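I have a new structure open today and want to get my bearings. These are my notes, in the order I looked things up.

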Amino acid sequence: MTSKRIGIVVIGLLALATSAVTVFKRFHSATAEPPAAAEPLAAERETQAVGSVVGYEVVGEYPHDADAYTQGLIYLDGFLYESTGITGRSSLRKVRLETGEVIQQRAVNPRDFGEGLAEWRGRLVQLTPRRRGSAPIWHLRTFFEDVRRHFGDNVGVTYDIASLEPQSSFMYPGDGWGLTHDDHRLIMGDGSSKLRFLDPETFVELGRLEVFDGGKPVENLNELEFVDGKIYANVLPQDRIAIIQPDTGQVTSWIDLAELKSRMPPFPTDPLHPVMNGIAYDAAGRRLFVTGKLWPKVFEIRVRLQ
């Protein structure tokens with residue numbers, strides 16, 4: 001076969017894949033069940049005040065691996081558990097808070113991207129979406145799997161907490177960014193202004209909630225944590241955390257943490273630009289920890305809620 005014909009075949013395959021993805025997305029949108037979670041009416045949103053900015057104080061600073069592209073963070077039984085991203089170097093880690101030492105680590109599938117992390121009844125749950133196709137186009141089976149994973153269903157993994165051994169995998173539609181839970185449901189973000197509620201055993205979607213600050217949707221919701229009945233959310237690429245009322249989706253307060261950058265060395269200007277991302281809560285000790293992608297520190301802060 002001539003190189004010209006090979007080129008035509010390749011272009012045809014790409015067009016076929018693109019068409020299939022478009023049809024899939026349209027079909028999924030058309031057949032998706034309506035959200036089970038009630039949303040406030042537009043008129044109500046417009047009359048609600050914009051979330052206020054609350055103060056905080058730094059009560060502790062701890063070392064953090066400056067090569068860790070933090071995507072998910074939780075505190076559990078005296079340790080931080082961390083999901084790090086970047087295709088080909090994503091991981092799940094157990095970290096000693098006081099020293100920043102990584103005492104256990106599990107590599108993620110090298111074609112996947114480590115994202116949100118939560119604990120549910122003795123298991124760690126990690127989102128591992130595929131950001132882009134990594135296989136050569138002539139590896140057709142893998143190429144089409146990459147296309148499907150990038151634009152359609154994605155995969156998450158559950159792990160044994162003690163060994164970090166994978167136990168099972170699950171599918172979910174679309175992208176997956178942040179992950180946390182309340183007493184009954186997993187709460188997942190996908191980088192939009194909407195949060196999804198998932199059944200923590202079957203991972204079936206139970207409903208959605210759109211997040212608003214006053215009447216304006218809050219886009220780019222990233223890492224999530226459930227703290228004292230509220231959802232805390234990083235907002236990419238801002239240095240602020242939104243505090244969200246889970247029954248209405250309204251942002252009740254903002255925590256502006258831009259000042260934390262002055263407590264660290266200057267950040268590098270390479271393509272992987274460090275940004276705030278990572279919230280963990282020690283419910284027993286009522287301690288809140290925050291960090292960022294490629295940040296050299298984890299900060300313990302005390303928020304002064306009004």
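How many salt bridges does the structure hold? I count 17 of them. One caution before I go on: this is a predicted model, and I read every entry below with that in mind.

**Entry 1: the chain as a whole**

I began with the overall tally. The secondary structure comes to 3 helices and 22 strands. The chain has 306 residues, and 48% of them count as buried. I also looked up the exposed surface, which is about 14,600 Å², with 55% of it supplied by carbon and sulfur atoms. Then I checked the contacts between residues with a separation of 6 or more: 55% of these join residues 24 or more positions apart.

**Entry 2: the cores**

Next I went looking for where the nonpolar side chains gather. In soluble globular proteins, such side chains tend to be buried together. Here the largest nonpolar core has 20 residues. Among those with the most contacts inside this core are Tyr 232, Ile 241, Leu 260 and Ile 301. I noted which strands feed the core: β1 (52-63), β18 (240-244), β20 (276-282), β21 (287-292) and β22 (297-304) each give at least two residues.

I picked Leu 260 for a closer look. What does Leu 260 touch, leaving aside its neighbours within four places in sequence? I find Tyr 56, Val 58, Met 276, Val 290, Trp 295 and Phe 299 in contact with Leu 260.

There is also a second, separate core of 15 residues, and its members include Leu 195, Leu 224, Ile 231 and Ala 233.

**Entry 3: strand β19 and its partners**

Strands of a sheet pair through backbone hydrogen bonds, either parallel or antiparallel. I found both kinds around β19. Strand β19 (residues 251-256) runs parallel to β1, and 3 bridges join the two. In that pairing, Val 54 has Ile 255 of β19 as its bridge partner. With β18, strand β19 runs antiparallel, and 5 bridges join that pair. Ala 242 stands opposite Trp 254 in β19. I followed the chain round the hairpin of β18 and β19 too: there are 6 residues between the strands, and Gly 249 takes a positive phi near 85 degrees.

**Entry 4: another hairpin and an open sheet**

Leu 195 from the second core turned up again when I looked at β12 and β13. Its bridge partner in β13 is Leu 209. Strand β12 (residues 194-198) and strand β13 (residues 205-210) pair in the antiparallel sense, over 5 bridges. Their hairpin has 6 residues between the strands, and there Phe 203 takes a positive phi near 65 degrees.

Then I traced an open sheet of 4 strands, in the order β6-β7-β8-β9, with antiparallel pairing. β6 (117-120) and β9 (166-173) are the edge strands, each pairing on one side only. On average, neighbouring strands of this sheet are turned by 25 degrees against each other, direction ignored. I zoomed in on β6 and strand β7 (residues 123-127), which pair over 4 bridges, and saw Trp 120 opposite Arg 123 in β7.

**Entry 5: back to the salt bridges**

Side chains of opposite charge can pair when their charged atoms come close. I looked up a few of the pairs.

Arg 130 and Asp 112 meet in a salt bridge at 2.9 Å, N to O. Arg 130 sits in the loop between β7 and α3 (140-151), and Asp 112 in the loop between β5 (102-107) and β6, 18 residues apart. Are these two buried or exposed? Arg 130 is buried, with a relative accessible area of 2%, and Asp 112 counts as buried at 4%.

Lys 261 and Asp 239 meet in a salt bridge at 3.2 Å, N to O. Lys 261 lies in the loop between β19 and β20 and Asp 239 in the loop between β17 (230-235) and β18, so this pair ties together parts 22 residues apart in sequence. Lys 261 counts as partly exposed at 30% relative accessibility, whereas Asp 239 counts as buried at 17%.

Glu 259 and Arg 263 form a salt bridge at 3.0 Å, N to O. Glu 259 is partly exposed at 36%, and Arg 263 counts as partly exposed at 34%. I then found this pair inside a network of salt bridges that links Glu 61, Glu 259, Arg 263 and Lys 297.

Methods. Residues numbered from 1 in each chain as written. Predicted model: local features only at pLDDT ≥ 70, side-chain atom pairs only at ≥ 80, totals over all residues. Heavy atoms only, no water. Core = buried A, V, L, I, M, F, W, Y, C linked by side-chain atoms within 4.5 Å. Buried < 20%, exposed > 50% of the residue type's maximum accessible area, 1.4 Å probe, protein only. Contact = heavy atoms within 4.5 Å. Pairing = 2+ DSSP bridges. Areas by Shrake-Rupley, 256 points an atom, 1.4 Å probe, with all protein chains shown as cover. Axes fitted to C-alpha atoms, helices over the stretch in contact; angles between N-to-C directions. Salt bridge = Lys/Arg side-chain N within 4 Å of Asp/Glu carboxyl O.
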